[in-house]
Amino acid sequence: MFIGNRDHIRFESDSLDLLADDAPSSLLFRVARGSQVDRHVALPWLDAERAVFIAVNRNPGDDVALALDYRTDLTDPSVVASDFWTNPSQCSWRLVTPTFTQLVAVLGLG
């Protein structure tokens, strides 16, 4: 479900910090803090410091999410989605659209 307001976006996105700061969760969900690693955090990993959730699963445990990925552009970020289907033992973040503007167009919202 798409997140409806800024406070809920902040609330859901706070979980990225929790995932990045816990080593087993970081590996499972492929979420890291770009400022704390010695390499560029690239897909299939998500940089917790450069992403916010815009959609999350309705049912706890489904582990489905869409995020704005600001590593690509600060004004028109890419959109990525979690993928546990390819490898159920580890999440991969996959590109949905290269820009948020393209997502809006694809969904017919613009």
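Which residue in E4 stands opposite Val56? In this predicted model, the residue opposite Val56 is Ala65, and that pairing offers a convenient way into the sheet around which this explanation is arranged.

The sheet is an open one of four strands, in the order E3-E4-E5-E6, and its pairing is antiparallel. Strand E3, covering residues 51–56, and strand E6, covering 92–97, stand at the edges, and because each has a single partner strand, one side of each is left without a neighbour in the sheet. On average, and with direction ignored, neighbouring strands of this sheet are turned by 35° against each other.

Following the sheet in its own order, one begins with E3, which is joined to strand E4, residues 65–69, by five bridges in an antiparallel arrangement. Although E3 stands at an edge of the sheet, this strand is mostly covered, with five of its six residues buried. The next step leads from E4 to E5, which pair in the antiparallel sense over four bridges, and here Leu66 stands opposite Ala81 in E5. The last step joins strand E5, residues 78–83, to E6 through five bridges, again with the strands running antiparallel, and Val80 stands opposite Leu95 in E6.

Strand E4 deserves a separate look. Five of the five residues of E4 are buried, so this strand is largely enclosed by the rest of the structure. The cover extends to both faces, since Ala65, Ala67 and Asp69 on one side and Leu66 and Leu68 on the other are all buried.

From E4 the path leads to Ser82, a residue of strand E5. Ser82 counts as buried because its relative accessibility is 8%, which lies under the 20% limit used for that class. The side chain of Ser82 reaches the backbone nitrogen of Ala65 at 2.9 Å, and this side chain also reaches the backbone oxygen of Asp63 at 3.2 Å. When neighbours within four places in sequence are left aside, Ser82 is in contact with Asp63, Val64 and Ala65, and also with Cys91, Ser92 and Trp93.

Asp63, whose backbone oxygen is reached by Ser82, is found in the loop between E3 and E4. Asp63 counts as partly exposed, because its relative accessibility is 31%. What sets its backbone apart is phi, which is near 50°, a positive value in a residue other than glycine. Most residues other than glycine have a negative phi, and most peptide bonds are trans.

A second residue with this backbone feature is Arg30, which has a positive phi of about 50° although it is not a glycine. Arg30 is found in the loop between H2 and E1, and this residue is buried, since its relative accessible area is 15%. The peptide bond that joins Leu43 and Pro44 is cis, with omega at about 20°. Pro44 is found in the loop between strand E1, residues 31–32, and strand E2, residues 46–47.

The aromatic side chains add another layer to the picture, and a search of the whole structure finds two aromatic pairs. One of them is formed by Phe29 and Phe84, whose rings are 5.6 Å apart from centre to centre with 85° between their planes, an edge-to-face pair. This pair links distant parts of the chain, given that Phe29 lies in helix H2, residues 23–29, while Phe84 lies in the loop between E5 and E6, 55 residues apart. Phe29 and Phe84 are both buried. A ring is also involved in an arrangement of another kind, in which the charged end of Arg39 sits over the ring of Trp45, 5.4 Å from its centre.

The walk through the structure ends at Val104, which lies in helix H3, residues 100–106. Is Val104 buried or partly exposed? With a relative accessibility of 21%, Val104 counts as partly exposed, because the buried class is reserved for values under 20%. Apart from neighbours within four places in sequence, Val104 is in contact with Leu109 and Gly110. The C-alpha atoms of Val104 and Ile9, which are 95 residues apart along the chain, are separated by 18 Å.

Note on methods. Residues are numbered from 1 along each chain as its sequence is written. This is a predicted model: local features need pLDDT of at least 70, side-chain atom pairs count only at pLDDT 80 or more; totals for chains, interfaces and linings use all residues. Side-chain values use heavy atoms; hydrogens and water are left out. Two strands pair if DSSP finds at least two bridges between them. Helices (H or I, at least four residues) and strands (E, at least two) are DSSP runs, numbered from the N terminus. Axes are lines fitted to C-alpha atoms, for helices over the stretch in contact, and angles run from 0 to 180 degrees between N-to-C directions. Buried means under 20% relative accessible area, exposed over 50%, partly exposed in between (1.4 Å probe, protein chains only). Rings of Phe, Tyr and Trp (its six-membered ring) pair if their centres lie within 6.5 Å; planes under 30 degrees apart count as stacked, over 60 as edge-to-face and the rest as tilted. A charge sits over a ring if NZ of Lys or CZ of Arg is within 6 Å of the ring centre and within 35 degrees of the ring normal. A polar contact is a pair of N or O atoms within 3.5 Å; within protein, one must be able to donate a hydrogen and the other to accept it, and residues adjacent in sequence count only if both atoms are side-chain atoms. Contact means heavy atoms within 4.5 Å.
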